Amino acid sequence: MAENLRVAVIGAGRMGADHIQRLHTRIHGAEVAAVIDVDLDRANAAVAGIPGARAFATPAEAYAAELDGGKVNAVVIATPGFLHEQALLEALELDLPILCEKPLTPDAESAWKIVEAEQKLGRQRIQVGFMRRFDAEYAALGGLVRSRDLGELLMLHCRHRNPDTPPGFTNEMLINDSVVHEFDVIRYLTGEEITSVQVRLGKASSKAPEGQHDPQHVLIETESGVLADVEIFVNAQFGYEVATQAAFEGGIVDIGGDGGPYVRRAGRWGGEVTPSFIERFGAAYDVEVQAWADAALRGGIGGPSAWDGYATAACCEAGVEAQRTGGKVAVVLKPKPALYAVGAEASGSDAAGVGAAGAAR
Ligand SMILES: NC(=O)c1ccc[n+]([C@@H]2O[C@H](COP(=O)([O-])OP(=O)(O)OC[C@H]3O[C@@H](n4cnc5c(N)ncnc54)[C@H](O)[C@@H]3O)[C@@H](O)[C@H]2O)c1
Ligand SMILES: O[C@H]1[C@H](O)[C@@H](O)[C@H](O)[C@@H](O)[C@H]1O
């Protein structure tokens, strides 16, 4: 691999623009060479101020172009999830290292096509953007689970609250776009696959846009019987919150609660609510993207793999069916291909996770 990654970022929206700035200002060993967006004005705005970076309307044009320092040699995919399949297949065809924002794809069948294409290549090229594995608090909780200092992990209570949803956010996306993070982090924390998903629709908020039933209560079970419940509430108005309480045989651990300065002022006390994922997970995205760049320069991946993307896509598919039926839906995975038996060189900030080298229990 070359000295530096010359990265093409596909999609310059909320997440893509954030990754472009991160790659440009904070990530070592990588530079933004191209930005691709169907909205060419948006791509042009994203490359402004980045010397040598060029804007394109399609990945094919960017891959063909002779840029400063040579052709594009790595890709970050930050388009909406339903568009990932095609972008992944094109980048795999060119054998490029890929950081693909979550979800890998929204359903098991399309995710399996990606796993098959990567197998044909014979090496892992895809890292999926499950950034919570790189969050210091989730990593610490993962360490506690594996150390067994508090005995066995028994239950997880997860809160996932967003202030509101962008236009086009469907009812299925509460599962595919949001709870997909819990599917991944539960696999990461327990080192186990998820075996079933159930979704209960209770009283709905009047603040939810037409077509969305919000909030929803998701019940998840793992191989050894760890139970997790998730409140997914994506129009919660007040701000952004991702928090988990873990119940162990010998203690209770909370992560993701309110932090920051506690201020008393003008007869009131309190702190600030995190406004969005950018502030809550900014540090985790930095660690995630640096891990990807470092590993890509060595010819590998530095985090969750295409297998993790497939396994979570299967959970999403079960979750969407469970939204419809209200019943408990089993998650059935195809056998794990040998390519993923060793796993990524690190599957999170402390190299733990399902299929991580030597770290899963
Ligand atoms: N890890 C996280 O916490 C996190 C946070 C936000 C978003 N995401 C993920 O990032 C991805 C993008 O989400 P977003 O919120 O930035 O979306 P967005 O709608 O803000 O941006 C998407 C961009 O893709 C562009 N686009 C659409 N079709 C395209 C095409 N065919 N080719 C090139 N560009 C195209 C759009 O013009 C837009 O600029 C999604 O997969 C989402 O789930 C992850
Ligand atoms: O795309 C976003 C992002 O993944 C956030 O981390 C999550 O909290 C939101 O629910 C989701 O819509």
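**Figure 1. The loop around D95 in this predicted model.** D95 sits in the loop between α4 (84-93) and β5. The phi of D95 is positive, about 60°, although D95 is not a glycine. Most residues other than glycine have a negative phi, and most peptide bonds are trans. The view therefore picks out a backbone exception.

**Figure 2. A cis bond in the loop after β5.** The peptide bond joining K102 and P103 is cis. Its omega is about -10°. P103 lies in the loop between β5 (98-101) and α5 (108-121).

**Figure 3. A cis bond in the loop between β8 and β9.** Here the cis bond runs from D214 to P215. Omega is near 0°. P215 belongs to the loop that links β8 (194-200) with β9 (216-222).

**Figure 4. The parallel six-stranded sheet.** This sheet is open, and its strand order is β3-β2-β1-β4-β5-β6. The pairing is parallel. The edge strands are β3 (54-56) and β6 (126-129), and each pairs on one side only. From one strand to the next, the twist averages 25°. A close look at one edge shows β2 (residues 30-36) and β3 paired in the parallel sense over three bridges. Within this pair, A34 stands opposite R54 in β3.

**Figure 5. The span recorded as the N-terminal domain.** UniProt, in an unreviewed entry, places "domain: Gfo/Idh/MocA-like oxidoreductase N-terminal" at residues 5-130. Helix makes up 40% of the span and strand 22%. The end C-alpha atoms of residues 5-130 lie 21 Å apart.

**Figure 6. The shell around ligand 1.** There are 24 residues around ligand 1. G11, G13, R14, M15 and E101 come nearest. The elements giving two or more residues to this shell are α1 (14-25) and α8. The largest share, three residues, comes from α1. By class, the shell holds eleven nonpolar, six polar and seven charged residues.

**Figure 7. The shell around ligand 2.** The residues around ligand 2 are N162, D177, S178, H181, V234 and F277. Helix α7 (residues 173-190) gives the most to this shell, with three residues. An α-helix has 3.6 residues a turn, so residues three or four places apart point the same way. By class, the shell around ligand 2 has two nonpolar, three polar and one charged residues.

**Figure 8. Helix α8 and its bend.** Helix α8 covers residues 277-297, 21 residues in total. From its first C-alpha to its last, α8 reaches 28 Å. That is close to the 30 Å expected at 1.5 Å a residue. The helix bends by about 45° at A283. Just after α8, G299 takes a positive phi of about 90°. Helix α8 is also one of the elements that give two or more residues to the shell around ligand 1.

**Figure 9. The mixed seven-stranded sheet.** Seven strands make up this open sheet, in the order β12-β11-β7-β10-β9-β8-β15. The pairing is mixed. β12 (251-255) and β15 (328-330) stand at the edges, each with a single partner strand, so one side of each is left without a neighbour in the sheet. Neighbouring strands are turned by 15° against each other on average, direction ignored. At the β15 edge, β8 and β15 pair in the antiparallel sense over three bridges. S196 stands opposite A330 in β15.

**Figure 10. Strand β10 and its two partners, β7 and β9.** β7 (residues 153-161) and β10 (residues 227-233) pair in the parallel sense over seven bridges. M155 has L227 in β10 as its bridge partner. β9 and β10 run antiparallel, joined by six bridges. The bridge partner of I220 in β10 is A228. β9 and β10 form a hairpin with four residues between them. In the turn, G225 has a positive phi of about 100°.

**Figure 11. The second recorded domain span.** For "domain: GFO/IDH/MocA-like oxidoreductase", an unreviewed UniProt entry lists residues 140-250. The span is 23% helix and 34% strand. Its end C-alpha atoms lie 17 Å apart.

Terms used
Residues numbered from 1 in each chain as written. Chains lettered and ligands numbered in written order. Predicted model: local features only at pLDDT ≥ 70, side-chain atom pairs only at ≥ 80, totals over all residues. Near = placed C-beta within 6 Å. Nonpolar A, V, L, I, M, F, W, Y, C, P; charged D, E, K, R; others polar. Expected span 1.5 Å × (residues − 1). Bend = angle between axes of the 7 residues up to and from the residue. UniProt positions renumbered as here; feature names shortened; annotations may be inferred. Pairing = 2+ DSSP bridges. Axes fitted to C-alpha atoms, helices over the stretch in contact; angles between N-to-C directions.
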